[in-house]
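Grab a viewer and work through these exercises. Each one sets a task and then walks through a solution.

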Amino acid sequence: MKGKNERTLGARGFFAVDIQPACLGLYCGKTLLFKNGSTEIYGECGVCPRGQRTNAQKYCQPCTESPELYDWLYLGFMAMLPLVLHWFFIEWYSGKKSSSALFQHITALCECSAAALITLLVSDPVGVLHIRSCRVLMLSDWYTMLYNPSPDYVTTVHCTHEAVYPLYTIVFIYYAFCLVLMMLLRPLLVKKIACGLGKSDRFKSIYAALYFFPILTVLQAVGGGLLYYAFPYIILVLSLVTLAVYMSASEIENCYDLLVRKKRLIVLFSHWLLHAYGIISISRVDKLEQDLPLLALVPTPALFYLFTAKFTEPSRILSEGANGH
């Protein structure tokens, strides 16, 4: 049985090709139904199966490429979001004298790391720490549901599929594993070690996660494509703002104030890592010899703050704010 896209040899030696309507829509394609040697039979124009996307000829092709460096950096950013929020709320609710904060920080890191490993193992190909993907070509690849064609302006041909496979859905899978592991591990740990906190406070960091995980899920569902292109700048801006707020709130005005506590150094180095992550994401390290010197700019915001703190006197501003002036 010949498909509608199969070429057949006519009586005079010419190829007779069935004329088909054009495959409309930016993301509609024809799926391969049968292949035998050089003969390929394709189906009707429609949605491509999961793990495939259309090519320039409107045929659905499997995603066989490996993610680029920028794709891995995007996935790393989405993986860092719940971890950073975990650490923030653990620190916020643990109190300054609580010895349980460190263990909760380590547990959150283990939860997110285990979730990331499990997510990679269950992704295609299953069982290896490697994924196959389709190349992201433009912003519309993230929002294929907005490009379903209506040939007669009445009937809609639904061609919605994951053209950026698996960068869109893999984040949801990771968040699901993070939530499951947190619910399995964190309550037992907090109950054992968070004795210094009241019963109403010791589980607040877990309650906070039950709020921010749905928010992160909606953020990925609605703004995944925008985040893909904007996350390097988001990292840089937020890391600069949070570093300035932390140093002013801690009344750090010179190098001695910075070195007097180990926690302040940890916070500083963490922000430096975020600065470097953002710079690498922006440059994409296309030209190594030109992009690596940009990492020398990582300490610049902290040095600029220390050199100019004596002119702004953040401690005086904080004291005046506390007194209501």
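Keep in mind as you go that this is a predicted model.

**Exercise 1. Find the helix that gives the most residues to the lining of the largest cavity, then describe that lining.**

Step 1. Go to helix 6, residues 262-283: with 3 residues, helix 6 gives the most to this lining.

Step 2. Now pick out the whole set. The largest cavity is lined by Ile 279, Ile 280, Ser 283, Val 285, Asp 291, Leu 292 and Leu 295.

Step 3. Sort them by class, and you get 5 nonpolar, 1 polar and 1 charged.

Step 4. Check the volume: the largest cavity holds about 30 Å³ of space. The structure has 1 cavity of 30 Å³ or more.

**Exercise 2. Work out how much space lies in the largest pocket and what lines it.**

Step 1. Start with the volume, which comes to about 2300 Å³.

Step 2. Next, look at the lining, made up of 46 residues; nearest the pocket's centre are Trp 87, Phe 88, Glu 91, Val 267 and His 271.

Step 3. Ask which elements supply two or more lining residues: helix 1, helix 2, helix 4 and helix 6 do.

Step 4. Split the lining by class to find 31 nonpolar, 10 polar and 5 charged residues.

**Exercise 3. Identify the residues with the most contacts inside the largest nonpolar core, and the elements behind that core.**

Step 1. Within this core of 40 residues, Tyr 74, Trp 142 and Phe 231 have the most contacts.

Step 2. Two or more residues each come from helix 1 (69-94), helix 2 (101-122), helix 3 (169-193) and helix 4 (204-249).

Step 3. Helix 4 gives the most, with 10 residues.

**Exercise 4. Describe how strand 3 and strand 4 are joined.**

Step 1. Strand 3 (residues 29-36) and strand 4 (residues 39-46) run antiparallel, with 6 bridges joining them.

Step 2. Look across the pair: Lys 35 sits opposite Glu 40 of strand 4.

Step 3. Follow the chain round the turn. The two strands make a hairpin with 2 residues between them, and Gly 37 in that turn has a positive phi of about 70°.

**Exercise 5. Set the UniProt transmembrane annotation beside the model for two of the listed spans.**

Step 1. The unreviewed UniProt entry lists several stretches as "transmembrane region", including 72-90 and 233-252.

Step 2. Residues 72-90 are 100% helix and 0% strand, and their end C-alpha atoms lie 27 Å apart.

Step 3. For residues 233-252, the figures are 85% helix and 0% strand, with the end C-alpha atoms 26 Å apart.

Key: Residues are numbered from 1 along each chain as its sequence is written. This is a predicted model: local features need pLDDT of at least 70, side-chain atom pairs count only at pLDDT 80 or more; totals for chains, interfaces and linings use all residues. Side-chain values use heavy atoms; hydrogens and water are left out. UniProt positions are given in the numbering used here, feature names are shortened, and annotations may be inferred rather than shown by experiment. Helices (H or I, at least four residues) and strands (E, at least two) are DSSP runs, numbered from the N terminus. On a 1 Å grid over the protein atoms alone, a cavity is a set of points where a 1.4 Å probe fits but cannot get out, and a pocket is an open set with protein on both sides within 12 Å along at least five of seven lines; lining residues have an atom within 4 Å of a point. Grid points are joined across faces, edges and corners, and a volume is the space filled by probe spheres set on the points. Ala, Val, Leu, Ile, Met, Phe, Trp, Tyr, Cys and Pro count as nonpolar, Asp, Glu, Lys and Arg as charged, and the others, Gly among them, as polar. Two strands pair if DSSP finds at least two bridges between them. A nonpolar core is a set of buried Ala, Val, Leu, Ile, Met, Phe, Trp, Tyr and Cys residues joined through side-chain atoms within 4.5 Å. Buried means under 20% relative accessible area, exposed over 50%, partly exposed in between (1.4 Å probe, protein chains only).
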